[in-house]
Amino acid sequence: MLQVYVTGVGILGPGLDGWKNSRPILAGDSPYAAQECRRPQPGMLAAMERRRASATVRLGLHVAQEAVEQSGLQSDELATVFASSDGDTEIINYLCDALAAPDKTVSPTRFHNSVHNAPAGYWGIAAKSPAPANSLSCYGATFAAGLLEAACQATVEGRPVLLGVYDIAVPEPLRRARPLRTPFGAALVLDRRPSAGSISQLRIEYHTQCNAPESTVAVPQLEELRRENPAARSLPLLAAIARNEPAEVMLDYVAGNCLRVEVSP
Amino acid sequence: MAIEPLYITGLTAVNAMGSGVDAVYKALTRRETGLRRCDFEHAELDTYIGRVDGLESQPVVDALRQYDCRNNRLAQMGLRQDGFEQTVARAREQYGARRIGVFLGTSTSGILETELAYQNRNPNTGALPATLRYDYTQHNFSVVDFVQRYLQLEGPALAISTACSSSAKVFATAHRFLAAGLCDAAVVGGVDSLCLTTLYGFSSLELVSSRPCRPADPERDGISIGEAAGFVLLERARGKQMSAPVALLGYGESSDAYHMSSPHPEGAGAVRAMERALACAGLAPDDIDYINLHGTATPANDLSEDKAVRAVFGASVPCSSTKGWTGHTLGAAGITEAVIGWLCIQHGFVPGSLNTRALDPQITSKIVLRNLRQPVRRVISNSFGFGGNNCSIVLGVTA
């Protein structure tokens, strides 16, 4: 069992613009209004960098920055775990297209931005953080894997951890092979100790025998989003945090294993 | 305080030097490079590559045929060497399939399949061929999924993709998952295969040499790209089948916070990674007998890494890059060099930097140019990736 405290939350998705606005929606206190996902604007990047940054970097950093600002922690104190199922599919689309042309010329900047850990790298540069940065993928269970890795770091290494999870919309023609149409990102700051800013306590158990199905969300459009975008598998946990009352959230992991997360205010 | 050591109870490697640890050791001792002039299909580049032979004719097992692609073929070739499958089967009996984790690094997974699909788009609609099995080939997790199924393991799993430090960082994650009680043993490793994305991408950054890479040489002018698979089984108990029990003793992770594709000029992030790895192992710099450098043979990497090594170790610990044998195997570099470090300990051997005709006078750490026979008890191995992502691991015999 891993026990961590949530000290900051970030969220950006269709009709979910920041934790302050999204919290009552996820708690069921305000109605959900479907809207296009706002263009992410991570203020920590300089204006020019922000324009040049890829959609994945912008989304990852936008939610990460929101969570860290809420936590009150210094961004350079935090180890990071950036989790994305598919990574930068816009750049992958660009590279594969360029490499199919006769001269196979690719942009050097877009190539180095294609690495799965680009958001982690840009975070480190913008936050001036020498802390360890991890970057992982686990297909539909990417959020569960990221949560485990981040909670392991917080407890085993004894340091606060920023967990970011995000997947952008996959562009055509790749979308045919990977039908992911809606971007979503979320971030949590986790610490093994409670602090004045702690929002919730999470007790995470890894189960090899799962008797309960994966948790869902009540709003139909958000449940659709949860099924479509691996980053949105975080929504049931975010909703439990938003409700601010004891809850149990089940997350599917790999090979039929699952996580049971006990959320307490 | 040092971490609990995790013993290496099984390991395997496939790279341009050959298949299996004996072939790798033989090539190291004979100083035979695995690099050859680029003959990779569709790549018309004036460079050398570390290519693994035989992948084209060895598809993945029929039961997992959806996963068939160059990267998973390479993974399978690795799993079939050195009795690794059998070692894992023994561990599976001992701990249960659900108590063994699989943590693998890759930077490009099976992207070659998607590259080829884009060459075969429908000329009218632009659609990709329906035969592209993206989830099973290109997806980052594909290789982990494939390996987990191939080994019939059902424990925790994830793919780490931090560019060229990926398969060093898997050791840190495995240690944490064991420490947290999420598993009792772990298969760690890395697989990266040749593709146009990395061949042309690194070329666009002018980081690729037209000759076999020459680490630490004054005339070094870039990397040679290679492909490789490597796997290690980690357990708390020392294995019986290995000649000398070697364990993961420590790891250190850090970020440069400097630039996406250039290392920090003073090697600040590399210093932190090495210092953390030593502290994690409870060791002093003098306790290390050999440093396996990241040593990509770009002008910037070798110089900044040298400054970092000097800052932590001075100029007394023998060090070298083994990229002259394998090329830079990117997401598989960490595991490839961990296996080489294990061989150095087993055989009392230090590889002298291959293809390095002279030493750059600006490089002042103790780079070894000829193979040495001397006792090696502990090795530190460096892996640094784009995004300023650094990881050092310490392997060694326990007291």
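Helix 7 of chain A and helix 6 of chain B are roughly perpendicular to each other, because their axes cross at roughly 75°, and an angle of 65 to 115 degrees counts as roughly perpendicular. This is a predicted model, so please read every value here as computed from it. The axes of these two helices come within 9 Å. On the chain A side, helix 7 spans residues 142-157, and the residues it brings to the meeting are A:Glu149, A:Cys152, A:Gln153 and A:Val156. They meet B:Thr173, B:Arg176, B:Phe177 and B:Ala179 in helix 6 of chain B. Sorted by class, this contact has 4 nonpolar, 2 polar and 2 charged residues.

Let's widen the view to the whole contact between the chains. How many residues does the contact take from chain B and from chain A? Chain B gives 53 residues, and chain A gives 53 residues. Several elements of chain B each supply at least two residues of the side that touches chain A. Among them are helix 4 (111-119), helix 6 (166-179), helix 7 (196-204) and helix 8 (268-281), along with strand 6 (157-160) and strand 10 (246-255). By class, the side of chain B that touches chain A has 23 nonpolar, 21 polar and 9 charged residues.

Strands also link the two chains. Strand 4 of chain A, residues 133-137, pairs with strand 6 of chain B in the antiparallel sense, over 2 bridges. Within strand 6 of chain B, B:Ala159 is the residue that stands opposite A:Ser137.

Next come the helix pairs, set side by side for easy reading.

| Helix pair | Angle between axes | Axis distance |
|---|---|---|
| Helix 7 of chain A and helix 6 of chain B | roughly 75° | within 9 Å |
| Helix 1 of chain A and helix 9 of chain A | roughly 95° | within 8 Å |
| Helix 2 of chain B and helix 5 of chain B | about 35° | 10 Å |

Inside chain A, helix 1 (residues 19-27) and helix 9 (residues 235-243) cross at roughly 95°, which makes helix 1 of chain A roughly perpendicular to helix 9 of chain A. Helix 1 of chain A contributes A:Arg23, A:Leu26 and A:Ala27, while helix 9 of chain A contributes A:Leu238, A:Ala239, A:Ala242 and A:Arg243. This contact has 5 nonpolar, no polar and 2 charged residues.

Inside chain B, helix 2 (residues 70-79) packs with helix 5 (residues 142-150). Is the crossing of helix 2 of chain B and helix 5 of chain B left-handed or right-handed? The crossing is right-handed. From helix 2 of chain B come B:Asn71, B:Asn72, B:Ala75, B:Gln76 and B:Leu79, and from helix 5 of chain B come B:Ser142, B:Val143, B:Phe146, B:Val147 and B:Tyr150. By class, that gives 6 nonpolar, 4 polar and no charged residues.

Chain B also holds an open sheet of 3 strands, in the order 3-4-8 and with mixed pairing. Strand 3 (36-37) and strand 8 (225-226) of chain B stand at the edges with a single partner strand each, so one side of each has no neighbour in the sheet. Strand 4 of chain B, residues 48-50, runs parallel to strand 8 of chain B and is joined to it by 2 bridges. Here B:Ile49 stands opposite B:Ile225.

Finally, chain B as a whole. The secondary structure of chain B comes to 11 helices and 16 strands. The C-alpha trace of chain B spans about 65 × 50 × 40 Å along its principal axes. The radius of gyration of chain B is 20 Å, which agrees with the value near 21 Å for a compact globule with 399 residues.

Key: Residues are numbered from 1 along each chain as its sequence is written. Chains are lettered from A and ligands numbered from 1 in the order in which they are written. This is a predicted model: local features need pLDDT of at least 70, side-chain atom pairs count only at pLDDT 80 or more; totals for chains, interfaces and linings use all residues. Axes are lines fitted to C-alpha atoms, for helices over the stretch in contact, and angles run from 0 to 180 degrees between N-to-C directions. Helices (H or I, at least four residues) and strands (E, at least two) are DSSP runs, numbered from the N terminus. A crossing is left-handed if the near helix is turned anticlockwise from the far one by less than a right angle, and right-handed if clockwise. Two residues are in contact if their C-beta atoms, placed from the backbone, lie within 7 Å. Ala, Val, Leu, Ile, Met, Phe, Trp, Tyr, Cys and Pro count as nonpolar, Asp, Glu, Lys and Arg as charged, and the others, Gly among them, as polar. Two strands pair if DSSP finds at least two bridges between them. Angles under 35 degrees count as roughly parallel, over 145 as roughly antiparallel, 65 to 115 as roughly perpendicular and the rest as oblique. The radius of gyration is taken over C-alpha atoms; the globule rule is 2.2 Å times the number of residues to the power 0.38.
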